[in-house]
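Okay, everyone, thanks for coming. I'll put the structure up on the screen, and then we'll walk through a few spots together.

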Amino acid sequence: MWRYTRCSKLLWCKLRFLMRCYMSNISHCNRDLGLLWWQGESPVPEARVDYEAFRQLYRDGALDNRKIQLDIPDGRSRLPLEIGGASGFGVNELVFRLPQMEKFLKSQRMERMEITIADAKPILREIEMEKRLNLDQITKDAIMLAESDGIVFIDEIDKIVTNHETRYGADASSEGVQRDLLPIIEGSVVSTKYGNVNTDHILFICSGAFHSCKPSDMLAELQGRLPIRVELKGLGREDLYRILTEPETNIIRQQQLLMKTEDIHLVFTDDAIEELAKVAAEVNRSVDNIGARRLHTVVERVVEDISFHAPERSGETYTIDKESVQRAVGDFLKKADLSRFVL
């Protein structure tokens, strides 16, 4: 009788603890502690000090290597959901994840896994977050935001435009696509898998180089629906230098990491980077202006010899300065023979 009473108290304590965690929406670490109680830790219910010490060990990471058995939905894909952090998620991220979330919420099969507490923390946190998401409300809010604040960017619009001088008869491949885009840009109701979307208040931005044609070669109706025309200036020397230095994964950094795979330390001086930008701008001006794509050609020309002999020169350090860049591409500029730089 005494054993039955103590087991009942322990069971009631566990149930009360889990219900209190769920109702008060406290931090996920308390829920993990409740899971550990169920899997054999069995602290004495009346010893509150033991529980506080156990929770402190959990928060300090002392229990991260301990393995537990966890039931999760079968076929579940982990979602990058963060609670109260700088890398939190927004409505746009939820819209992209709707198919996976629907599959997870509708899944009834459970899969038991034996994992460590450190691996179980993000899984449990994401499961609890997903349970509190209302997919119907998310879809409704996403459609409302798309209709009121949506922006559709159509790149390479010039690829579906044909020059009037070279056009012979009706060009179904180009004008047909323009006629299909026309009702969407004018404003209509588009049917999607999440519901109907009205495009009356969506901003459409189209861009293109228009080398072989002009914006006036588009359909007159389509030109009328794109009334604001903006012409961008070509990239100059300063712009190319910023492209080589400011992005976190710029071309210089990519080349250094690529050479690092062969155990070669590659160093670019500031003068070399300025010379690369100068050469790229000059070639764009003299041959064909292809923008920042020219940087790939120039940089590859400079590191061509090092990359070719990289397996035999493992462990060495190479410093590329202004003179190295001039030796690699200077002859082409002097002779005005820039055909090798044309992509």
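So, glutamate 275: this one is buried, yet has no salt bridge. Keep in mind that we're looking at a predicted model. Which side chain of opposite charge is nearest to glutamate 275? That would be lysine 322, and the distance is 4.4 Å. A salt bridge needs a nitrogen to sit within 4 Å of a carboxyl oxygen, so at 4.4 Å this pair doesn't count as one. Leaving out residues up to four places away in sequence, glutamate 275 touches Lys322, Val325 and Gln326.

Where does glutamate 275 sit? In helix H12. That helix covers residues 270-286, so 17 residues, and from first C-alpha to last it reaches 24 Å, close to the 24 Å you'd expect. Glutamate 275 has company in being buried: the list for H12 also includes Ala272, Ile273, Leu276, Val279 and Val283. Here's a handy bit of background: an α-helix has 3.6 residues a turn, so residues three or four places apart point the same way.

Now, salt bridges that do form. How many turn up in the whole structure? The search finds 9. Take arginine 225 and glutamate 186, with their closest N and O atoms 3.8 Å apart. This pair links distant parts of the chain, 39 residues apart: arginine 225 belongs to helix H9, and glutamate 186 to helix H8. Are they buried or exposed? Arginine 225 counts as partly exposed because its relative accessible area is 45%, and glutamate 186, at 38%, is partly exposed too.

Another one joins aspartate 305 to arginine 313, at 3.6 Å from N to O. Aspartate 305 has a relative accessible area of 43%, so we call it partly exposed. Arginine 313 has 24%, so that's partly exposed as well. Elsewhere, Glu156, Asp158 and Lys159 are joined into one network by salt bridges that share partners. Within that network, glutamate 156 and lysine 159 meet at 2.6 Å, N to O. Lysine 159 is exposed, at 58%, while glutamate 156 is partly exposed, at 33%.

Next, a quick look at some strands. E4, residues 189-192, and E5, residues 195-198, run antiparallel, with 4 bridges joining them. A hairpin of 2 residues connects E4 to E5, and threonine 192 stands opposite glycine 195.

Last stop, the cysteines. The disulfide count is 0. Cysteine 213 is buried, at 6%, whereas cysteine 206 is partly exposed, at 23%.

How values were computed. Residues numbered from 1 in each chain as written. Predicted model: local features only at pLDDT ≥ 70, side-chain atom pairs only at ≥ 80, totals over all residues. Heavy atoms only, no water. Expected span 1.5 Å × (residues − 1). Buried < 20%, exposed > 50% of the residue type's maximum accessible area, 1.4 Å probe, protein only. Pairing = 2+ DSSP bridges. Disulfide = S-S within 2.5 Å. Lys, Arg positive; Asp, Glu negative; His and termini not counted. Contact = heavy atoms within 4.5 Å.
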